[in-house]
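Here is a short tour for someone meeting this protein for the first time. Keep the sequence and the 3D view open while reading.

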Amino acid sequence: MTWNKPRVLRPFGLLTALLLSLLPLSGCGVYSFTGTSIDYTQIKTFSIAVFQNNASNGPSFLAQRLTEDMKDYFLRNTTLKLVPRDGDLQFEGQIVAYDFAPAAIQSTNGQDQAGINRLTIQVRVKFTNTKDSKQDFEQTFQSNADFPAATNVSSIMNDPAANRRITDRIITDVFNKSVANW
């Protein structure tokens, strides 16, 4: 039995395989491991105007909380600088609906009752990209959460954590639509 000598070209082959595996990413343009498609050479700032609460029955703290949570999300997930107004990326909008409705009707002793109540929040967002107007949009984003029927509606309305579960999903959707192009 004869043993073959190890080839000298093995490190070269490994390097070639590595470079070939990265080749598909080279055509992607701007790529980020945070999931954004922001061209940081052009876009450096963002601004978020305070969202107005135009829902007739929403809690008073909701508009300010939504605005601040949105600012925090963009600061955590991009390297953009927050400016008070006239950012390269601009967000403004309003809360247009804050509604409770029964989500699961069940019959108890011949009477129909709500088994679950659903809170739905809708936010209308206007996004302006001052560097690329093709990215601009105006869209309503919606999310909801279910609560046991026995839970008092006013306690949910005054619970920032309950509202935040819903608004966090809306903020993620706005982020994905505006800077991740999803």
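This report goes from the overall fold to one helix, then to the salt bridges and one strand residue.

**Overall picture**

The model is predicted. Its secondary structure comes to four helices and six strands. Along the sequence, these elements follow the pattern α-β-β-α-β-β-β-β-α-α. The protein has 182 residues, and 32% of them are buried. About 11600 Å² of surface is exposed, with 53% of that area supplied by carbon and sulfur atoms. Contacts often reach far along the chain. Of those between residues at least 6 apart in sequence, 69% join residues at least 24 apart.

**Helix α4**

Helix α4 covers residues 160–179, which makes 20 residues. From first C-alpha to last, α4 reaches 27 Å, close to the 28 Å expected at 1.5 Å a residue. The helix is not perfectly straight: α4 bends by about 25° at I166. I166 is also one of the buried residues of α4. Others on that list include A162, N163, I170, V174 and V179. An α-helix has 3.6 residues a turn, so residues three or four places apart point the same way.

What caps the N-terminal end of α4? D159 does, with a side-chain oxygen 3.1 Å from the backbone nitrogen of A161.

**Salt bridges**

The whole structure holds six salt bridges. The table gives three of them.

| Pair | Distance, N to O |
|---|---|
| R164 and D69 | 3.0 Å |
| K131 and D88 | 3.9 Å |
| R124 and E138 | 3.7 Å |

Start with R164 and D69, whose side chains meet in a salt bridge. This pair links distant parts of the chain: R164 sits in helix α4 and D69 in helix α2 (residues 62–77), 95 residues apart. R164 counts as partly exposed because its relative accessibility is 32%. D69 has a relative accessible area of 9%, so D69 is buried. The pair also belongs to a network of salt bridges that links R65, D69 and R164.

Next come K131 and D88, joined by a salt bridge of 3.9 Å. K131 lies in the loop between β5 (111–129) and β6 (137–148), while D88 lies in the loop between β3 (81–82) and β4 (89–108), so the pair ties together parts 43 residues apart in sequence. K131 is partly exposed, because its relative accessibility is 46%. Is D88 buried or exposed? D88 is buried, with a relative accessible area of 14%.

The bridge between R124 and E138 spans 3.7 Å, N to O. Here R124 belongs to strand β5 and E138 to strand β6, 14 residues apart. R124 is partly exposed at a relative accessible area of 27%. E138 is partly exposed as well, at 48%.

**T45 and its surroundings**

T45 lies in strand β1 (residues 45–48). Why does T45 count as buried? Its relative accessibility is 17%, and the cut-off for buried is under 20%. Leaving out residues up to four places away in sequence, T45 touches L80, K81, V83, G87, D88 and L89. D88 thus appears again. A polar atom of the T45 side chain lies 2.9 Å from the backbone nitrogen of D88. The side chain of D88, in turn, is the one that meets K131 in a salt bridge.

Methods
Residues numbered from 1 in each chain as written. Predicted model: local features only at pLDDT ≥ 70, side-chain atom pairs only at ≥ 80, totals over all residues. Heavy atoms only, no water. Helix = DSSP H or I, 4+ residues; strand = E, 2+ residues; numbered from the N terminus. Buried < 20%, exposed > 50% of the residue type's maximum accessible area, 1.4 Å probe, protein only. Polar contact = N/O pair within 3.5 Å; in protein donor to acceptor, adjacent residues only side chain to side chain. Contact = heavy atoms within 4.5 Å. Expected span 1.5 Å × (residues − 1). Bend = angle between axes of the 7 residues up to and from the residue. Areas by Shrake-Rupley, 256 points an atom, 1.4 Å probe, with all protein chains shown as cover. Salt bridge = Lys/Arg side-chain N within 4 Å of Asp/Glu carboxyl O.
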